[in-house]
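Grab a pencil and open the viewer. Here is a set of short exercises, each with a solution worked out in steps.

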Amino acid sequence: MYSENLKKTPLNAEHRELGGKMVDFGGWDMPVQYSAGVIEEHMATRTRAGLFDVSHMGEIWAEGPDAIEFVNRLTTNDVTKLVDGQAHYSALTNDLGGVVDDLLVYRFGQERLLLVVNAATTDKDWEWIASHKADENVALRNASADYCQIAVQGPDALGILQGLTETELDSIKYYHFATGSVDGVESIISRTGYTGEDGFEVYASPEFAVHLWNKLLKTGNYGQENGILPAGLAARNTLRLEAGMSLYGHELSDSITPYEANLGWITKLQKGDFTGSEELEKQKEEGLKRKLIGFEMKDRGIARDDQAVYVDGEKVGYVTSGSPAPYLKKNIGFALLPVEFANIGQEITIDVRGKHLIAEVVPTPFYKRQK
Amino acid sequence: MSNIPENLRYSKDHEWVKVDGETATIGITDYAQNSLGDVVYVDMPRVGDAFETHEAFGSVESVKAVSEIFTPLAGEVSEVNSGLNDTPESVNSDPYGTGWMIKIKMKNPGEADAMLSAVEYEEYLTTVS
């Protein structure tokens, strides 16, 4: 079976039992969808709750007196502003200011930071971070194999998870976390997610993955009409796209800077030097040449990744992510365009397999949940 | 288990055909719609377009992918199911009924006889899954 060479999370058998259609995602054998299908999984997450296996993500510890200083010099966001129990979205940048990966940085303590990175880039990020250590007093550890991670997302997420823990979930603010017990399992409970809905990401030791997963399905009334649904990679992608979130390898890459990707808000040049900050300073001063925009299809049809974008008959850029948006019932996407065309209302055409279809630049996020 | 109506003919590309005199109605099978997942868009030809056997006459899009559809019979398009513009999901829910895609006036009546019967298609499916 082709899947023999792929890495598997502890939930692999569960995915298959739930009707998961398995695919190779960055070297991992993961479900692209389950028996309900992408659209139902997407809609369940927006209206009730979706359950996601994100155990393939990477976890890197940076511990020691110099942990904050060390991580602060490798990332764009300001680690010194974090308090215990708080996390922030950030980017690892290379010497040219391009993005090595986007990540979450969690502050457990003054000398304890946890970096959570993308699955497909974990090894690359580890090499990058470890190779940048000189004589700082920081111990680095790639602890990816020590964690499973399960995300519960949607308006019902808090209620479902609360049924399994004494930790008062309501008091964990967005982008904050707590350590606690979920159905008797020691866990990190983080109020974060990649869907645009309220929800939590639970980190625990891998041997408890199956237990937690099944308990969450049960508590969430999986199988009942208004129950939780397990959601695969396809729904994960349509959800994050609607919510205006970037995906590494598409909106972000080694050759795309945070400014070009509308991540100026996590780029704190005033904190001091970090890898690539000099180049980013220059880019900020000189102004951007190209920028990420969100678009909505006006002609019938769906734009897809890597398709060419035209303005007035001239090829000017390309689609970084293109897909249907199940909740909005539109076809949307992101594209990287020259700044002069990166304005709301700009009409563009996209070469969709030979047909030039009209689209329009629109504000992002495409979807924002009601608080 | 795949649904495979007895009264239709099938192709190895997972299309079905219903012959009615000189006209053939074409769509994709239950197996095909299940493999594709939720259909969100169907790109169809126009009435009057002509196709040779095995030529791609359109495409079916799911959330993640685009799949071309091939006509198992040569002919000229006489009707197109424009209902699929509004409800592409009919391809999933009713692939042999409201999910039909085009009707063609066959160039070679009798060409459908060479297609697979329901039993033959069912047997064929055991070799592909």
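The exercises below deal with a predicted model, and they go from overall form to single backbone angles.

**Exercise 1. Work out what the radius of gyration of chain A says about its overall form.**

Solution. Start with the length: for 371 residues, a compact globule should come out near 21 Å. Now take the value for chain A, which is 21 Å, so the two agree. Next, look at the extent: the C-alpha trace of chain A covers about 60 × 55 × 45 Å along its principal axes. For the inside, 47% of the 371 residues of chain A count as buried. Finally, check the contacts in chain A with a separation of 6 or more: 65% of them are between residues 24 or more positions apart. As for secondary structure, chain A holds eight helices and 19 strands.

**Exercise 2. Split chain A into its assigned domains, then describe how domain 1 meets domain 3.**

Solution. The assignment gives domain 1 as 2-55 + 147-242, domain 2 as 59-130 and domain 3 as 289-362. Between domain 1 and domain 3 of chain A, the C-alpha centres are 31 Å apart. Contacts come next: eight residues of domain 1 of chain A touch eight residues of domain 3 of chain A. On the domain 1 side, the elements giving two or more residues are α2 (38-47) and α7 (233-242) of chain A. Sort the residues on that side of domain 1 of chain A and you get three nonpolar, three polar and two charged.

**Exercise 3. Which elements of chain A supply at least two residues each to the side that touches chain B?**

Solution. First the count: eleven residues of chain A are in contact with seven residues of chain B. The elements asked for are β2 (28-33), α2, α7 and β16 (314-325) of chain A. Then the chemistry: the chain A side has six nonpolar residues, five polar ones and no charged ones. Notice that α2 and α7 of chain A turn up here and also on the side of domain 1 of chain A that touches domain 3 of chain A.

**Exercise 4. Is strand β17 of chain A largely enclosed or left open, and which strands pair with it?**

Solution. Count the buried residues in β17(A), residues 330-338: seven of the nine qualify, so the strand is largely enclosed by the rest of the structure. Now go through its pairings. Strand β14 (residues 290-297) of chain A runs antiparallel to β17(A), with seven bridges. To find the register there, match G294(A) with F334(A). β16(A) is also antiparallel to β17(A), again over seven bridges. In that pairing, A325(A) has K330(A) as its bridge partner.

**Exercise 5. Find the backbone oddities in chain A and place each one.**

Solution. Keep the background in mind: most residues other than glycine have a negative phi, and most peptide bonds are trans. Begin with K329(A), whose phi is positive, near 55°. K329(A) sits in the hairpin of β16(A) and β17(A), which has four residues between the strands. With 8 other C-beta atoms within 10 Å, K329(A) is exposed. Move on to D312(A), where phi is near 50°, also positive. D312(A) belongs to the loop between β15 (308-311) and β16 of chain A. D312(A) has 9 other C-beta atoms within 10 Å and is exposed. Last, the peptide bond from T364(A) to P365(A) is cis, with omega near 5°. P365(A) lies in the segment after β19 (355-362) of chain A.

**Exercise 6. Why does one side of β4 and of β7 in chain B lack a neighbour in the sheet?**

Solution. Write down the strand order: β4-β6-β7 (chain B), an open sheet of three strands with antiparallel pairing. β4 (39-43) and β7 (66-70) of chain B are the edge strands with a single partner each, so one side of each has no neighbour in the sheet. From one strand to the next the twist averages 25°. For the register, β4(B) and β6 (residues 56-62) of chain B share four bridges, and V42(B) is opposite V60(B).

**Exercise 7. Which strands of chain B pair with β9(B)?**

Solution. Take β3 (residues 23-28) of chain B: it pairs antiparallel with β9 (residues 102-106) of chain B over four bridges. Here T25(B) is matched with K103(B). Then take β8 (residues 75-80) of chain B, which is antiparallel to β9(B) over five bridges. In this pairing, V77(B) faces I104(B).

Key: Residues are numbered from 1 along each chain as its sequence is written. Chains are lettered from A and ligands numbered from 1 in the order in which they are written. This is a predicted model: local features need pLDDT of at least 70, side-chain atom pairs count only at pLDDT 80 or more; totals for chains, interfaces and linings use all residues. Two strands pair if DSSP finds at least two bridges between them. Axes are lines fitted to C-alpha atoms, for helices over the stretch in contact, and angles run from 0 to 180 degrees between N-to-C directions. The radius of gyration is taken over C-alpha atoms; the globule rule is 2.2 Å times the number of residues to the power 0.38. A residue is buried if 20 or more other C-beta atoms lie within 10 Å of its own, exposed if 12 or fewer, and partly exposed in between; C-beta atoms are placed from the backbone. Two residues are in contact if their C-beta atoms, placed from the backbone, lie within 7 Å. Domain bounds come from an automatic or database domain assignment. Ala, Val, Leu, Ile, Met, Phe, Trp, Tyr, Cys and Pro count as nonpolar, Asp, Glu, Lys and Arg as charged, and the others, Gly among them, as polar.
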